[in-house]
Amino acid sequence: MAGHLRRHHEHAPPIGELPVPHGPETGREHLHYPRRASTNYATDYEKEIFAHLLQPDDSYTPEGVYWADLPWSQRLTFVNKVSSAETRDELRTIWAMFKKDPLSPLSWYFRNSVLPGAGLLLEGYVLFSIGNLEPLFAKVWESCWGTKTVCSQNWVASVTYLEIIGIMLGQTGVGIIGDWIGRRFGLIQDAVVMFLGLLLLTGSWGVTLQGWVILYAFSLLFYGIGVGGEYPITATSSMENAVSAGRLSTRDDRLHRGRKVTLAFLMQGWGQFFNQIVLTVLLVIFNRKTGGEPPYTEFAAQYTFRISFAIPAIGTLWLVYYRAFKMKSASKQLDQAKKKANVTGYDVKSLKTTFSNFGGRLFATSAGWFFNDVFFYGNKLFQSQFIRVISSNPESLLTTWNWNLVNIVVSLAGYYAAALLIDNKMYGRKMMQQVGFLVCFLAFVIPAFKYDYFTSPAGIHSFQALYFLSSFFNQFGPNSVSFLVAGEVYPTQVRASAHGFSAMIGKMGALLASVLYNYIDTKTKFMVVPWFGLAGMLVTFVWLPDTTGLDLKEQERRWQYILQGKPEEYHGIAIHPQHLSLWERWTGVGKSYHPALDMKAKIRDMRAEWEEREAVRGASDADVESADLDVEDEEDITQDIRNYFNGQTPVISDSLKKEKLQGNSSASDSPDRISDSSGIGPGEKTAL
């Protein structure tokens, strides 16, 4: 304390100043508290008691420096240190689980990755089945699906178009429903729609082949609505459930949110894998005479496609049960956000504010997804070409399906590589998407200019390698990242809507590819497709922010300032240049970033929330749900923080006492040492 007080030096004036007599020294000269420079900075005492909440050690150095503010070499050292420590902790946990129960790590993976992505697994299975079955239909019912002499060419083509249109309707419609009625309702109705759609697909029939094709197409339209809804509803629910309650800034959310969402998303790849296995087994069983080789019988085609749709119908029925009875808290984060904003129903104000404040982000997530889908569907261009050259039986469906299986394994490796690195602060979302687009661009543009060589026996293996390379980097790049960031960069109230809109625009890329590829030859396709990758890389570089290492609650905190019409008063890390797009930096979004000002502002925000909870707790009509939220939200509120909020005299820790005793009067004027005897700012309660 002595170091923070200023003594009158009337008996030892500075040189050149005339002394003013005040009588003899008595040792009882009066003392003054230091002058206060500003109330906008946190005091030493505030920094000490709030450090575990405001400056967690996975994002801040012991000196309180944010990782993105460090020089590059120090940043690399810090990030690697945190990542290594987290990896060791996770491996120790897995080993402890294994010693207790060898199957418990698998149970954990099932609960935390398979179940959240079960809907995507089932729809990945079905959509891949539809693409695989069309060549079988063309070989068995050639007059309808091949030459189209007994079926309308438009109706056969509508099978693909209506499927995509249904998905687009589901993406936008269920996205709005997820923000309007709730995540849980969206999850349940999605599963119900997919189940009914699978019943229609399994039982689709017609008096004529044309009649069957029409019913089959409309069944896909209906099923597609459920499939489309899975994108926004699974992404948002997985993302929000990754945020633990009761923390201003949660460690797991910062370090593993991307991994959690990606592990759910990659279930789509496992759905494709299982579908390929099931179709192969069914065709071998029912095409009895040739064991899966041509010619194929109507009997084999009928049983193969109907049983292949009946199997996921059983799984989808179970999914309806699970979501209805085991996911009752799926809408919790959304409900809290709406309650805080005093909104019921759909938050139109937040939607308008999102368009006005995050227009660049909306362009980045939707355009990036659009360019990726052109690539995703263009990837099939490789396979048909090299199969013709390297296969001794290119007309066999089993040959095509076996190469599909190899490609799926490569894609799964890309998915898991994305899950491994998508939260790494030195690589992260934005770099992963840019690199993925670049590699896909190169994989297509290289054979485009030497097409005849690469499709000849001399260059076919290089052509094949480029095919697998594009598959790997499509998953280890834009396909995984676009699914994650399309919800991550938006506020809770409109997250599903924004994700659904981005996915819908993305699916237009698939629609463009399916239409365009009907009018140009394969060589021309290779000349056209690469430039979508280059465009995707450019859009990502300019308009996509990088939210790697930034937790959702901090983004929500910034959103509250925007909603209140005072975005310039927000000074936190959500507007750090590291977490903004190049476009946002150009337009001056990050000019208010100021860590010291933000620390004091965070304390004020926490105090306001605490006082609000105390008021609710003290009200006689407080309901059970509010009481539960109180307990969760205060799990990290220490007794020192409670005393601070109540304005009680703090018990100064030994380390802080020592620091103050070593202080001097010049240091007391700096913003970081503004303090009175309690460390509590003016206007706040004191009990001195």
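**The main core**

Select Trp145, Tyr216 and Phe309. These residues have the most contacts inside the largest nonpolar core, which has 119 residues. A nonpolar core here is a set of buried Ala, Val, Leu, Ile, Met, Phe, Trp, Tyr and Cys residues joined through side-chain atoms within 4.5 Å. Buried means under 20% relative accessible area, exposed means over 50%, and partly exposed lies in between (1.4 Å probe, protein chains only). Colour helix 4 (residues 118-140) next: this helix gives the most to the core, with 13 residues. Helices (H or I, at least four residues) and strands (E, at least two) are DSSP runs, numbered from the N terminus.

A note on the model before going on. The structure is predicted, so local features need pLDDT of at least 70 and side-chain atom pairs count only at pLDDT 80 or more, while totals for chains, interfaces and linings use all residues. Residues are numbered from 1 along each chain as its sequence is written, and side-chain values use heavy atoms, with hydrogens and water left out.

Centre on tyrosine 216. Which residues is tyrosine 216 in contact with, leaving aside its neighbours within four places in sequence? They are Ile130, Phe137, Trp145, Val159, Leu201, Ser204, Phe305 and Phe309. Contact means heavy atoms within 4.5 Å.

Stay with helix 4 and pick alanine 138. At 25% relative accessibility, alanine 138 is partly exposed. Leaving aside neighbours within four places in sequence, alanine 138 touches Trp145 and Gly146. Draw a distance from alanine 138 to lysine 148: their C-alpha atoms are separated by 9.4 Å, with the residues 10 apart along the chain.

**The whole protein**

Zoom out. The protein has 28 helices and two strands. Of its 688 residues, 53% are buried. Among contacts with a separation of 6 or more, 81% join residues 24 or more positions apart. The protein exposes about 30600 Å², and carbon and sulfur atoms supply 62% of that area. Accessible areas come from the Shrake-Rupley method with a 1.4 Å probe; for residues, only the protein chains shown count as cover.

**A nonpolar patch**

Show the surface and select Val192, Leu196, Leu199, Leu200 and Phe222. Together they form a nonpolar patch with about 370 Å² of accessible area. Patches are made of residues with over 30% relative accessible area and no salt bridge; like charges are joined within 9 Å, nonpolar side chains (Val, Leu, Ile, Met, Phe, Trp, Tyr) within 5 Å. Helix 7 (residues 183-203) gives the most to the patch, with four residues. Phenylalanine 222 sits in helix 8 (residues 209-241). Phenylalanine 222 counts as partly exposed, at 30% relative accessibility.

**Salt bridges**

Now the charged pairs. The whole structure holds 25 salt bridges. The criterion is a side-chain nitrogen of Lys or Arg within 4 Å of a carboxyl oxygen of Asp or Glu.

Start in helix 2 (residues 72-100), which holds both arginine 92 and aspartate 89, three residues apart, about one turn of the helix. Their side chains meet in a salt bridge (2.3 Å, N to O). Aspartate 89 is partly exposed, at 35% relative accessibility.

Jump to arginine 495 and glutamate 240, which meet in a salt bridge (2.9 Å, N to O). This pair links distant parts of the chain: arginine 495 is in helix 20 (residues 495-516), glutamate 240 in helix 8, 255 residues apart. Buried or exposed? Both arginine 495 and glutamate 240 are buried.

Stay on helix 20 for lysine 507, and add aspartate 373 in helix 14; this pair also links distant parts of the chain, 134 residues apart. Their closest N and O atoms are 3.8 Å apart. Aspartate 373 is buried, with a relative accessible area of 4%. Lysine 507 is buried too, at 5%.

Finish with a network of salt bridges linking Asp57, Asp58, Glu86, Arg251, Arg254 and Asp551.

**Helix 13**

Select helix 13 (residues 348-357). Its buried residues are Ser350, Thr353 and Thr354. They lie on the same side of helix 13, because they cover an arc of only 105° around the axis. That arc is taken from the directions from the helix axis to the C-beta atoms. Turn to the other side of helix 13 to find Lys352 and Ser356 exposed. Cover for the buried residues includes helix 14 (359-378) and helix 23 (552-563).

**Last stop**

Pick lysine 450, in the loop between helix 17 (428-448) and helix 18 (451-454). Lysine 450 is exposed, with a relative accessible area of 54%. Add lysine 523, 73 residues apart from lysine 450 along the chain: their C-alpha atoms are separated by 9.7 Å.
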